[in-house]
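Me: Please take a close look at a single part of this structure, the surface near the DNA. I should like one connected account, with the cut-off of each term stated.

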Protein chains: 2
Amino acid sequence: MTILPTDLSSVDIPDATVARLPVYLRTLAAFADRKISTCSSLELAEAAGVNPAKLRKDLSHLGSYGVRGVGYEVEYLRYQIAQAIGQTQNRNVLIAGVGHLGQALAGYRGFTTRGFTVAGLVDADSARIGTVVEGLTVHDIADINDVVDAQSISIAVITTPAEAAQRVVDGLVTAGVTSILNFAPTLLSVPEHVDVRKVDMSIELQILAYHQQRRTKVVDA
Amino acid sequence: MTILPTDLSSVDIPDATVARLPVYLRTLAAFADRKISTCSSLELAEAAGVNPAKLRKDLSHLGSYGVRGVGYEVEYLRYQIAQAIGQTQNRNVLIAGVGHLGQALAGYRGFTTRGFTVAGLVDADSARIGTVVEGLTVHDIADINDVVDAQSISIAVITTPAEAAQRVVDGLVTAGVTSILNFAPTLLSVPEHVDVRKVDMSIELQILAYHQQRRTKVVDA
DNA sequence: CCTTGTGAAGCTGTTCACAGCC
DNA sequence: GGCTGTGAACAGCTTCACAAGG
């Protein structure tokens with residue numbers, strides 16, 4: 001397969017843009033629900049909470065899907081963005097750690113509508129292994145390899161305690177998983193080709209606390 | 001109160017740095033647990049997963065707390081960072097929405113060690129109101145004003161369904177809350193002086209999916 | 001001699017402002 | 001006329017490389 005210079009699907013979209021495309025997609029879905037068939041960059045940007053120039057520049061990385069003087073066709077743009085971020089195919093997700101957080105994610109409806117299927121649950125606690133959560137049997141984390149294979153897992157979510165996370169990730173990497181979303185508050189070491197993203201609840205609170213402290217300090221001055 | 005130009009507590013720390021300071025703090029805590037009393041920028045940076053030059057520049061925004069040729073004293077640096085991000089005082093947190101996610105956060109031990117106390121739980125579901133979760137009684141979301149006042153809430157976490165989020169936030173803003181962590185997948189509109197941070201699980205998965213798709217595309221080429 | 005602290009360079013992302021086009 | 005697409009200016013962050021200093 002040869003990629004032509006004009007093939008936009010091969011150029012890499014800036015990270016900041018990639019992070020916003022799902023927001024636009026969600027906003028467009030809301031427009032479609034409200035039977036809005038066309039919108040301007042201003043309308044879409046306001047509903048998505050971004051600057052209109054930024055929205056247009058973001059979209060320009062995918063191609064030229066608007067009409068000057070008119071705006072964007074909602075369904076068409078929706079399709080193009082979905083295409084660009086690869087939301088056209090379903091992906092099976094494994095959740096490692098079936099505590100409250102794992103269960104919250106297992107039952108989250110928002111995943112399904114974005115092309116993700118929670119297809120595997122594993123845990124280390126023998127009291128949880130074998131139980132059924134959200135229609136799925138919880139498997140032993142020791143069998144992680146089998147679960148990844150059997151369910152063709154492409155993304156894993158770590159919701160184990162921090163101490164267990166690295167061990168679980170090592171198992172996932174061995175099993176061939178290359179995309180990991182980490183909720184455990186610890187640094188994971190993985191090979192070059194594995195992509196890890198981190199969500200850290202306390203850090204978010206700490207950032208809010210810093211800004212709050214700063215606001216009150218400024219008032220003092 | 002007058003702030004002198006030399007008072008570093010008044011200069012604003014770059015956002016990117018603020019987001020990493022909690023990571024350094026956590027890394028230093030791990031060092032302290034292992035009885036390490038001194039460390040170089042290289043050691044700390046590696047354990048925290050950042051470039052050493054970035055670490056040093058980050059720390060330089062707080063002041064000059066290292067010793068050339070030697071490194072940093074773990075406990076001293078820990079104290080200085082905690083001071084800078086305002087982790088010296090406790091903050092009471094309210095969780096709005098006591099589903100699985102809300103319960104996961106209510107029971108999360110990591111908050112306590114970082115100076116956050118979950119001091120209030122509210123929900124709209126009458127089946128949940130009055131029940132006790134993690135030692136706290138769940139209150140009616142309609143009484144949010146009273147809960148915020150009685151518990152001196154300074155930060156609120158939204159773990160309600162997306163449809164309810166804006167209504168809840170309006171109530172919180174009226175009650176005087178100025179820092180909000182939003183887990184609901186929706187854009188919140190708040191007055192200027194209110195600080196909102198957003199955590200969106202599906203967007204994280206969508207970003208991972210994009211990179212995964214891209215990796216396989218490149219292999220094709 | 002060793003490691004910090006920091007100017008300077010380079011890179012990424014944002015915003016402006018307008019040319020291009022329907 | 002009006003809105004998109006984009007070069008150019010700008011702002012912020014990262015990294016380098018080295019002077020400063022224990």
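Reply: Of the atoms of DNA strand C within 4 Å of the protein, 62% are sugar or phosphate atoms, and the rest belong to bases. This is a predicted model, in which local features need pLDDT of at least 70 and side-chain atom pairs count only at pLDDT 80 or more, whereas totals for chains, interfaces and linings use all residues; side-chain values use heavy atoms, with hydrogens and water left out. Residues are numbered from 1 along each chain as its sequence is written, while chains are lettered from A and ligands numbered from 1 in the order in which they are written.

Around DNA strand C there are 25 residues (a residue is near a strand if one of its heavy atoms lies within 4 Å of it). Those that come nearest are A:R20, B:S41, B:R56, B:S64 and B:Y72. Several polar contacts (pairs of N or O atoms within 3.5 Å) can be described here. A polar backbone atom of B:S41 is 2.4 Å from a phosphate oxygen of DNA strand C, and a polar backbone atom of B:Y65 is 3.4 Å from a phosphate oxygen of this strand. B:R68 instead places a polar side-chain atom 3.1 Å from a sugar or linking oxygen.

Helices (H or I, at least four residues) and strands (E, at least two) are DSSP runs, numbered from the N terminus. At least two residues each of the surface near DNA strand C come from helix 1 (15-33) and helix 3 (52-60) of chain A, and from helix 3 (52-60), strand 2 (66-67) and strand 3 (71-73) of chain B. Helix 3 of chain A gives the most, with four residues. By class, this surface has eight nonpolar residues (Ala, Val, Leu, Ile, Met, Phe, Trp, Tyr, Cys and Pro), nine charged (Asp, Glu, Lys and Arg) and eight polar (the others, Gly among them).

DNA strand D is surrounded by 25 residues, the closest being A:S41, A:R56, A:Y72, B:R20 and B:R68. Sugar or phosphate makes up 59% of its atoms within 4 Å of the protein, and bases the rest. A backbone N or O atom of A:S41 lies 2.5 Å from a phosphate oxygen, and a polar backbone atom of A:Y65 is 3.4 Å from a phosphate oxygen. A:R56 reaches a base: one of its polar side-chain atoms lies 2.8 Å from a base nitrogen of DNA strand D. Helix 3, strand 2 (66-67) and strand 3 (71-73) of chain A, with helix 1 (15-33) and helix 3 of chain B, give two or more residues to this surface. Helix 3 of chain B gives the most, with four residues. The surface near DNA strand D divides into seven nonpolar, nine polar and nine charged residues.

Technical notes: Polar contact = N/O pair within 3.5 Å; in protein donor to acceptor, adjacent residues only side chain to side chain.
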